[in-house]
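Visitor: I am new to this structure and would like a close look at a single part of it. Please take the aromatic side chains, and then show me what else surrounds that part of the chain.

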Amino acid sequence: MIGIAAVGLRSRNWRLRSVFREMSPDTFWLLCWSIGGLIVMSLIPSKRVDRIFPVIPPLCLLLAAQLAPRTSCGHGPECRSSRSIEPDEAAHGAVAIRTALAGVYWWSTIALAFAILFTGGYTGWKVITGYRDHRDALAVFGRNIRHEAEAHLWRYDVVSANDEGLLLYLRKTHFVEPADAITEWNTGNLDALVASKEQAAVLMRDLQGAALPQLQSNEREQYQQGRGYILITR
């Protein structure tokens, strides 16, 4: 898309005003949608791949809008002028158009094949490494915590952490600050706390009657405890 845009600008001697003047309202809307979505998603601190998906449809439509003038004939100035010239020149123009279209189709095929190979390979690589690195550890940890809390009727909270997904897996809407967690714990309003291992070492000094669960030394159990998170109970 950037290459096609550069070719179009070059054919207009890099006059941006000319580009926007000739651009249809529909194409301009797609351009704003794409660029606006990229800017908004870039400003969000958490970079999750699924959050960029809403930008993909307008980019696809924008690519089609870029290629449409090069692949259609019947409404452009080239087609209107071809009806008013001699038959030989018209035939020559038709051959030139077919040659140009063949080039567009050829490069589009190459781009499509590369996109399929790249996205397919990337997806396969993410799946394989996800299983290998146990990327579901946080989800498993959250599920285990919820089951324990339901079984023991625990009131629990999550101390501030870097993983936003932890709130989702624990069915919580917000984190609590360490100071607030200590106050709620010591007043008896909490039965359990989820915190990072680093924070737990600090919190344990101020939490009355707090105990850490027995951690297993084998790798699988460590993964199930979550990546650097631990459950503190009474």
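Guide: What follows starts with the whole protein, moves to the aromatic side chains, and then goes on to charged pairs, cysteines and one buried serine.

The model is a predicted one. The protein has 234 residues, and 23% of them count as buried. Its secondary structure consists of 11 helices and three strands. Read from the N terminus, the order of elements is α-α-α-α-α-α-α-β-α-α-β-α-α-β. Among contacts with a separation of 6 or more, 62% join residues 24 or more positions apart. The exposed area of the protein is about 16400 Å², and carbon and sulfur atoms supply 62% of that area.

Now to the aromatic side chains. Phe 114, Phe 118, Tyr 122 and Trp 125 form one aromatic cluster. These four residues, Phe 114, Phe 118, Tyr 122 and Trp 125, also make a nonpolar surface patch of about 500 Å². Helix α6, which covers residues 87-132, contains Tyr 122. Phe 118 lies in helix α6 as well, four residues from Tyr 122, and that spacing is about one turn of the helix.

A pair of aromatic rings is described by the distance of the centres and the angle of the planes. The structure holds four aromatic pairs. One of them joins Phe 118 and Tyr 122: the ring centres are 6.4 Å apart, the planes make an angle of 10°, and the pair is stacked. Planes under 30 degrees apart count as stacked, so the 10° between Phe 118 and Tyr 122 fits that class. Phe 118 has a relative accessibility of 52% and counts as exposed. Tyr 122, at 40%, counts as partly exposed. The line between these two classes is drawn at 50%, so Phe 118 at 52% falls in the exposed class, while Tyr 122 at 40% does not.

Next come the charged pairs. Side chains of opposite charge can pair when their charged atoms come close. The structure holds two salt bridges. In one of them, the side chains of Arg 132 and Asp 133 meet, with 3.4 Å from N to O. Arg 132 is exposed, with a relative accessible area of 56%, and Asp 133 is partly exposed at 27%.

Another salt bridge links Asp 191 to Arg 155, whose closest N and O atoms are 3.2 Å apart. Asp 191 sits in the loop between α9 (178-186) and β2 (192-196), and Arg 155 in the loop between α7 (137-152) and β1 (156-158), so the pair ties together parts that are 36 residues apart in sequence. Asp 191 counts as buried at 17% relative accessibility, whereas Arg 155 counts as partly exposed at 42%.

The cysteines can be dealt with briefly. The structure holds zero disulfides. Cys 32 is partly exposed, with a relative accessible area of 37%, and Cys 60 is partly exposed at 48%.

Last is the buried serine. Ser 34 is found in helix α3, which spans residues 25-43. With 2% relative accessibility, Ser 34 counts as buried, because the class takes in values under 20%. Leaving aside residues up to four places away in sequence, Ser 34 touches Val 55, Pro 58, Leu 59 and Leu 62.

Conventions:
Residues numbered from 1 in each chain as written. Predicted model: local features only at pLDDT ≥ 70, side-chain atom pairs only at ≥ 80, totals over all residues. Heavy atoms only, no water. Helix = DSSP H or I, 4+ residues; strand = E, 2+ residues; numbered from the N terminus. Buried < 20%, exposed > 50% of the residue type's maximum accessible area, 1.4 Å probe, protein only. Contact = heavy atoms within 4.5 Å. Disulfide = S-S within 2.5 Å. Patch = residues over 30% accessible without salt bridge, like charges linked within 9 Å, V, L, I, M, F, W, Y side chains within 5 Å. Areas by Shrake-Rupley, 256 points an atom, 1.4 Å probe, with all protein chains shown as cover. Phe/Tyr/Trp six-rings, centres within 6.5 Å; stacked < 30°, edge-to-face > 60°.
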